Amino acid sequence: MNSILLHIAARFLSWPLLIVSIWILYRGHNLPGGGFIGGLLAAAGFLLYDLSGHGRPDRGFFSLSPFFFLPLGLGLAVFSTLPGMLGAGTFMQGVWLPAFELPLLGSIHLGTPLIFDIGVWFAVIGFILLLNGTLAGEEPS
Amino acid sequence: MNDLLLISPILLPLLLLIGCLASSRHERRSSVISLVGTAVLLAACSVLLFKVSTHGTLTLAVGGWMPPFGIVLVADLLSVLMLWISALVGLVVLIYGINVGSAGTRPGHVYVLIQGLLLGVNGSFLTGDLFNLYVWFEVMLISSFILMVRERRKKQLAGGLTYVILNLLASAMFLCGAGMLYGKLGTLNLADMAVKLSSVGDPEFVNTTGALLFVAFAAKAGLFPFHFWLPASYHHAGPATSALFAGLLTKVGVYALLRIFTLVFTAENGFSSTLILYLSMATMLIGVLGAVAQYNVRRLLAFHIISQIGYMTAGLALGTHLALTAVVFYILHHIAVKSTLFLVGGVLEMKTGTADIRRHGGFYQSQPLLAFCFLVPAFSLGGIPPLSGFWAKLNLLQAGVQSGEWLFLAMALGVGILTLFSMVKIWNESFWKAQPSTSDGQPNTSDLPLARGKPYLAMLLLCALTLVFSLGGYFVFELSARAAANLADPTLYINAVMKGVTP
């Protein structure tokens, strides 16, 4: 497929998709969204790059291999389960930093459930990339 | 500290999976990570076993969500016994060499899948939540399916497809049953479910959902008439992989049956277990008849799994304390014995290049050590005293006498003789008779790679375990009796889970 429109558009759409996916990832704790859906959106950014004829770039975020994302995502998710055990809590119990205000973004809540979601986000990206590569007939390295 | 210990059988395989995934390009590194990590897992499970056997059942409400709302992990004596032996089998299979005798395209990825399998198995043993059990079953199914077909041979794919389709059907039944139970009772926590189901007073509902779950677990366990996937698929997987499957996969089904049908669907709650007894007897007979007719060594052994599963579920159907004790003992004995036999079968296949035992021969003379590794588990499986199979069968038969199930008694004895017969068949064909020559006058040999030391170390370890179960039978029997006491009295489990929570 060699559409010049898609070719140009992909360059401008991939990054916004990634940013939207991060926003969806963040709001997902109490609203629709989260790591899984965010990860799918981000993976759409990757695929758009791939399918529009650019091929995967040599450098930068969009060049990373599924075998970078998968262990990273799973590792983050596992890591997020542990801080709960340090205090009085238990395995997988959420630990939150005190909320703080940021201009434009409002009240920010950071905690281990967010780390878990980020892990899921990475893992989903890795999974979709692996799936895409396998369907396209590439041997994963 | 207890929390970390209790979660480690799930956390460790997950961490190892990530480690192996990150280094999947380097087979050697993955194998070392896997081996060392699984040894640590075995150590953790041993500590957990010691702790639970001295301090009683441990529970962990994941995320601090108290039962019946959150997922709760429960380690009672049965769970930790199963965890311990599955970690041991995992370690032994890794020592044997998971890639030995198979030509997978990506050797490094195997270790990821092995850890995934252990993760699913351990999760199933620990969880106290019906839906969570379903999730662990799926983790196990996916890992085992890919392990089974990873060499991409046509026969493997055919067997693997049967395996995955029948197991997915079973999973659908499981989901239906779980959905109905959740709709009626509003809970997925097993302990809470047991309490609420006793006050439902609707035997039709109890028996319908019970039957759905029974079919689901029976298919995983390989019970007649849901056993077809097992002899179709196991012998096509690599030798070490099939030993792991033989040891663990069906036993997870048996564990789930034991757990759910002593805790939730009991006679007091209106569930009728007569059907389980008759299906078990049919399973015993059909499995062993299949084995008698077979000449493919690992396929023959696969049919034996089915037949032996029948003994275990028959004990569950009898339901007395002695019967449940015998079942727990039987499971432990069977895992050790069956994994050894599959490993030996794998060596036979690799040495001769064929699975057909009619073309084997002379191994007693050429490989006395291998003959020893076969004799111990084979005699144990056949129930020759003083090996572990004898104690397992003796107790089960005693339980049968106590319950007055004479048909079961006759069946168990008859199937025992046929079991011994088919073990003797392998012995005669592969070990005793002279090595046959092929048409061009050359003896059968194979060019498949087989390391010299490690596979034998693995088989001897499992033989030693069988001997421990045999000679230390009293100690193991005592542990089994205590695990069975927990099963026979569901209030113990319920109180351990719901402590400090008002229903």
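Select Arg259(B) and Ser79(B): their side chains are joined by a polar contact of 3.1 Å. The model is predicted, and the tour starts from this pair before moving to chain A and then to the interface.

**Stop 1: around Arg259(B)**

Keep Arg259(B) selected and show the secondary structure of chain B. Arg259(B) lies in helix H10, which covers residues 239-263 of chain B. Is this residue buried or exposed? Its relative accessibility is 5%, so Arg259(B) counts as buried, the cut-off for that class being under 20%.

Next, display the neighbours. Leaving aside residues up to four places away in sequence, Arg259(B) touches Asp76(B), Leu78(B), Ser79(B), Leu190(B), Val264(B), Leu487(B) and Tyr493(B). Ser79(B) on this list is the partner in the 3.1 Å side-chain polar contact.

**Stop 2: chain A by itself**

Hide chain B and colour chain A by secondary structure. Five helices and two strands should appear. Followed along the sequence, their pattern is α-α-α-α-β-β-α, with the two strands placed between the fourth helix and the fifth.

Now switch to a C-alpha trace. Along the principal axes, the C-alpha atoms of chain A fill a box of roughly 55 × 40 × 25 Å. Chain A has 141 residues, and 35% of them are buried. Taking contacts in chain A between residues at least 6 apart in sequence, 63% join residues at least 24 apart.

With a surface drawn, chain A exposes about 8,100 Å². Carbon and sulfur atoms supply 72% of that exposed area.

**Stop 3: where the chains meet**

Bring chain B back and select the residues in contact across the two chains. The selection holds 20 residues from chain B and 17 residues from chain A. The size of an interface is often given as the accessible area lost when the parts come together. Here chain B and chain A bury about 1,500 Å² between them, with 75% of it on carbon and sulfur atoms.

How many salt bridges cross the interface of chain B and chain A? The rule finds zero. Polar contacts between chain B and chain A number two residue pairs, both at pLDDT 80 or more.

Finish on the side of chain B that touches chain A. Helix H1 (2-22) and strand S1 (58-61) of chain B each supply at least two residues to this side. Select H1(B) to see the element that gives the most, with ten residues. Coloured by class, this side of chain B shows twelve nonpolar, four polar and four charged residues.

Technical notes: Residues numbered from 1 in each chain as written. Chains lettered and ligands numbered in written order. Predicted model: local features only at pLDDT ≥ 70, side-chain atom pairs only at ≥ 80, totals over all residues. Heavy atoms only, no water. Contact = heavy atoms within 4.5 Å. Buried area = accessible area lost by both parts, 1.4 Å probe. Salt bridge = Lys/Arg side-chain N within 4 Å of Asp/Glu carboxyl O. Polar contact = N/O pair within 3.5 Å; in protein donor to acceptor, adjacent residues only side chain to side chain. Helix = DSSP H or I, 4+ residues; strand = E, 2+ residues; numbered from the N terminus. Nonpolar A, V, L, I, M, F, W, Y, C, P; charged D, E, K, R; others polar. Buried < 20%, exposed > 50% of the residue type's maximum accessible area, 1.4 Å probe, protein only. Areas by Shrake-Rupley, 256 points an atom, 1.4 Å probe, with all protein chains shown as cover.
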